[in-house]
Amino acid sequence: MSTSRPGRRTPNRQELEVWRAFVETTEAVRAELGRRLQNDTGLSPGDYVVLLGLSEAPGHRLRSSDLASEIGWERSRLSHHLARMERRDLISREDCATDNRGAEIVLTDAGAAAFRGSITPHFRAIRELFVDALTPDQLVAAGEIARALQARLDRS
């Protein structure tokens, strides 16, 4: 009788092969999407995620701590990235009206235009590299896999 508990045993060879293929392919797709985004629009993947978060926020503004939570970044990483984006006039920082200790990150007109200009080429690359590579059934399965993994992470 095995003394190992469910979830405590190590992956077998086949499971590790699937895991490695998943990780390597995911990284390759992300890298190619990032390369195309940069080449087509001049935006980095980091720029895109920040601009997306601000474009979806009420009034196109968020406190930096809320933006960090929204996009899943550490605040120090976000702060450095925002400084670079501010120099390029993609975002601005304004004093927070409700808390004088904080700042709000605001999407500028130039940032909004850059984001709008990035949507079509980025979506085209997503279609080519991800959607069109899968059958309809595989696409459904990929969604199910992503939701299962997210549910496991949410419980952690």
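# Exercises on a predicted model

D89 sits in the loop between α4 (75-87) and β2 (91-95). Helices here are DSSP runs of H or I with at least four residues, strands are DSSP runs of E with at least two, and both are numbered from the N terminus. The model is predicted, so local features need pLDDT of at least 70, side-chain atom pairs count only at pLDDT 80 or more, and totals for chains, interfaces and linings use all residues. Residues are numbered from 1 along each chain as its sequence is written, and side-chain values use heavy atoms, with hydrogens and water left out.

## Exercise 1: Positive phi

Task: Give the phi of D89 and of H60, and place H60.

Solution.
- Step 1. D89 is a residue other than glycine, yet its phi is positive, near 60°.
- Step 2. D89 is partly exposed at 44% relative accessibility. The classes are buried (under 20% relative accessible area), exposed (over 50%) and partly exposed in between, with a 1.4 Å probe and protein chains only.
- Step 3. H60 is not a glycine either, and has a positive phi of about 55°.
- Step 4. H60 belongs to the loop between α2 and β1 (61-63). Its relative accessibility is 37%, so H60 counts as partly exposed.

## Exercise 2: The two sides of α3

Task: Which residues of helix α3 (residues 64-71) are buried, and which are exposed?

Solution.
- Step 1. L67, A68 and I71 are buried.
- Step 2. These buried residues lie on the same side of α3, because they cover an arc of only 100° around the axis. The arc is taken from the directions that run from the helix axis to the C-beta atoms.
- Step 3. The general rule is that an α-helix has 3.6 residues a turn, so residues three or four places apart point the same way.
- Step 4. S69 and E70 are exposed on the other side of α3.
- Step 5. The cover over the buried residues of α3 includes α2, β1, α4 and β3 (103-107).
- Step 6. After α3 comes G72, with a positive phi near 75°.

## Exercise 3: Far in sequence

Task: How far apart are G42 and S118, in sequence and in space?

Solution.
- Step 1. G42 is in the loop between α1 and α2 (45-56). S118 is in helix α5 (residues 109-129).
- Step 2. The two are 76 residues apart in sequence and 8.7 Å apart in space, C-alpha to C-alpha.
- Step 3. S118 has a relative accessible area of 0%, so S118 is buried. G42 is partly exposed, at 36%.
- Step 4. Now the contacts (heavy atoms within 4.5 Å). Not counting residues up to four places away in sequence, S118 touches L37, T41, L43 and Y48.
- Step 5. With neighbours within four places in sequence left aside, G42 contacts L37, D47 and R88.

## Exercise 4: Salt bridges

Task: How many salt bridges are there, and what do the pairs E24 and R20, R36 and E128, and R61 and E94 join?

Solution.
- Step 1. Fix the rule: a side-chain nitrogen of Lys or Arg within 4 Å of a carboxyl oxygen of Asp or Glu. The count by this rule is 11 salt bridges.
- Step 2. E24 and R20 form a salt bridge at 2.6 Å, N to O. They are 4 residues apart in helix α1, so about one helical turn separates E24 and R20. E24 is partly exposed, at 42% relative accessible area. R20 is exposed, at 55%.
- Step 3. R36 pairs with E128, with the closest N and O atoms 3.0 Å apart. R36 is in helix α1 and E128 in helix α5, so this pair ties together parts 92 residues apart in sequence. E128 is partly exposed, at 48% relative accessibility.
- Step 4. R61 and E94 meet at 3.0 Å, N to O. This pair links strand β1, which holds R61, to strand β2, which holds E94, 33 residues apart. R61 is partly exposed at 28%, and E94 is partly exposed at 34%.
- Step 5. Salt bridges with shared partners join E32, R35, R36 and E128 into one network.
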